[in-house]
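Work through the exercises below with the sequence and the 3D view open. Try each task before you read its solution.

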Amino acid sequence: MKVLITGFEAFGNDKLNSSAEVVYRLPDKLNDILLIKKIIPTVFNKSAEMLKKEIDSHKPDIVICVGQAGGKDRKKIAVERVAINIDDARIADNEGNRPLDKIIQENGSTAYFSTLPIKAIYSELIKNNIPTEISNSAGTFVCNHIMYQSLYLSNTKYNFKTGFIHIPYIKEQVHDDQTPYIEIEKLVQAIKIIISTSLEYHNKSDLLLEAGKEY
């Protein structure tokens, strides 16, 4: 089995991106799973072009895209449930692109749900004392863009399971006492669990358990 896992380049004035730092630290193999690791640009269309190139080249069974969601309210890993067919950038990407209310794929669905076993992933991470939640919005920036593009490809051209994981800052990115972070070793452990769980549930239904929100 082959898993393509991506992280993003550092964005804006930041010198690090937690998603890239975690992907860098993953092994080349996890048990019998071959891991194809790729750092993609924090750029709307270019990130999707690079992802498609890697999918064409490696033909993975599973694609897991990882992105950074840091800040004072970002204390947990967020397992994303859905990607929507819109780019609406509050700020510019790393090449100055700032699409507003732009459809990602004209012939794509309004939204695509993750095909990873999000409830099983959530359950396994909680069992391992890793703070985690199910998220019902990946935003409208490059993270949602790449999640949507990956799901679009898996629904229209290829046959693989795919989804998106947001992770908080790592300690090296935090310079005050108010901003939360998760130690990089725990984030690497989390991504390994996500990969293993995705493989375990590759050909069976996800768990049915409570993880909804009222907001």
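**Exercise 1. Describe how β1 pairs with β3, and find the partner of Thr6.**

Step 1. β1 and β3 pair in the parallel sense, over seven bridges. Two strands pair if DSSP finds at least two bridges between them. Helices (H or I, at least four residues) and strands (E, at least two) are DSSP runs, numbered from the N terminus.

Step 2. Pick out Thr6: its bridge partner in β3 is Lys38.

Before going on, note the ground rules. This is a predicted model: local features need pLDDT of at least 70, side-chain atom pairs count only at pLDDT 80 or more, and totals for chains, interfaces and linings use all residues. Residues are numbered from 1 along each chain as its sequence is written, and side-chain values use heavy atoms, with hydrogens and water left out.

**Exercise 2. State how β2 pairs with β3, and describe the turn between them.**

Step 1. The sense is antiparallel, with two bridges between β2 and β3. Leu30 stands opposite Ile33 in β3.

Step 2. The two strands form a hairpin, with two residues between them. In the turn, Asn31 has a positive phi of about 60°.

**Exercise 3. Write down the strand order of the open sheet, then name its edge strands.**

Step 1. Seven strands make up the open sheet, in the order β2-β3-β1-β4-β9-β5-β8. The pairing is mixed.

Step 2. β2 (29-30) and β8 stand at the edges. Each has a single partner strand, so one side of each is left without a neighbour in the sheet.

Step 3. Look at β4 (residues 62-68) and β9 (residues 161-167): they run parallel and are joined by seven bridges. Ile64 in this pairing stands opposite Gly163 in β9.

**Exercise 4. Which strands do helices α3 and α5 meet?**

Step 1. Helix α3 (residues 118-127) packs on the sheet and touches β5 (77-80) and β8. Contact means heavy atoms within 4.5 Å. The direction of α3 makes about 165° with that of β8. Axes are lines fitted to C-alpha atoms, for helices over the stretch in contact, and angles run from 0 to 180 degrees between N-to-C directions.

Step 2. Helix α5 (residues 184-200) lies across β1, β2, β3 (33-40), β4, β5 and β9. It runs at about 155° to β4.

Step 3. Now see what is buried in α3: Ile118, Lys119, Ala120, Ile121, Ser123 and Leu125. Buried means under 20% relative accessible area, exposed over 50%, partly exposed in between (1.4 Å probe, protein chains only). The cover over these buried residues includes β5, β8 and α5.

Step 4. Just after α3, Asn129 takes a positive phi of about 60°.

**Exercise 5. Is Ser18 buried or exposed, and what does it contact?**

Step 1. Ser18 lies in helix α1. With a relative accessible area of 0%, Ser18 is buried.

Step 2. Leave aside neighbours within four places in sequence. Ser18 is then in contact with Gln68, Ile167, Pro168, Tyr169, Ile170 and Gln173.

Step 3. Check one long-range distance. The C-alpha atoms of Ser18 and Glu172 are separated by 9.1 Å, though the two residues are 154 residues apart along the chain.

**Exercise 6. How many aromatic pairs does the structure hold, and why is Phe11 with Phe141 edge-to-face?**

Step 1. There are four aromatic pairs. Rings of Phe, Tyr and Trp (its six-membered ring) pair if their centres lie within 6.5 Å; planes under 30 degrees apart count as stacked, over 60 as edge-to-face and the rest as tilted.

Step 2. The ring centres of Phe11 and Phe141 are 5.5 Å apart and the planes stand at 70°, so this pair is edge-to-face.

Step 3. The pair links distant parts of the chain, 130 residues apart. Phe11 is in the loop between β1 (2-8) and α1 (18-24), and Phe141 in the loop between β8 (132-135) and α4 (142-156).

Step 4. Phe11 counts as partly exposed, at 21% relative accessibility. Phe141 is partly exposed, also at 21%.

Step 5. Compare Tyr158 and Phe160: the centres are 6.0 Å apart and the planes at 45°, so that pair is tilted. Tyr158 is buried at 18%, and Phe160 is buried at 6%.

Step 6. Phe11, Phe44 and Phe141 form one aromatic cluster.
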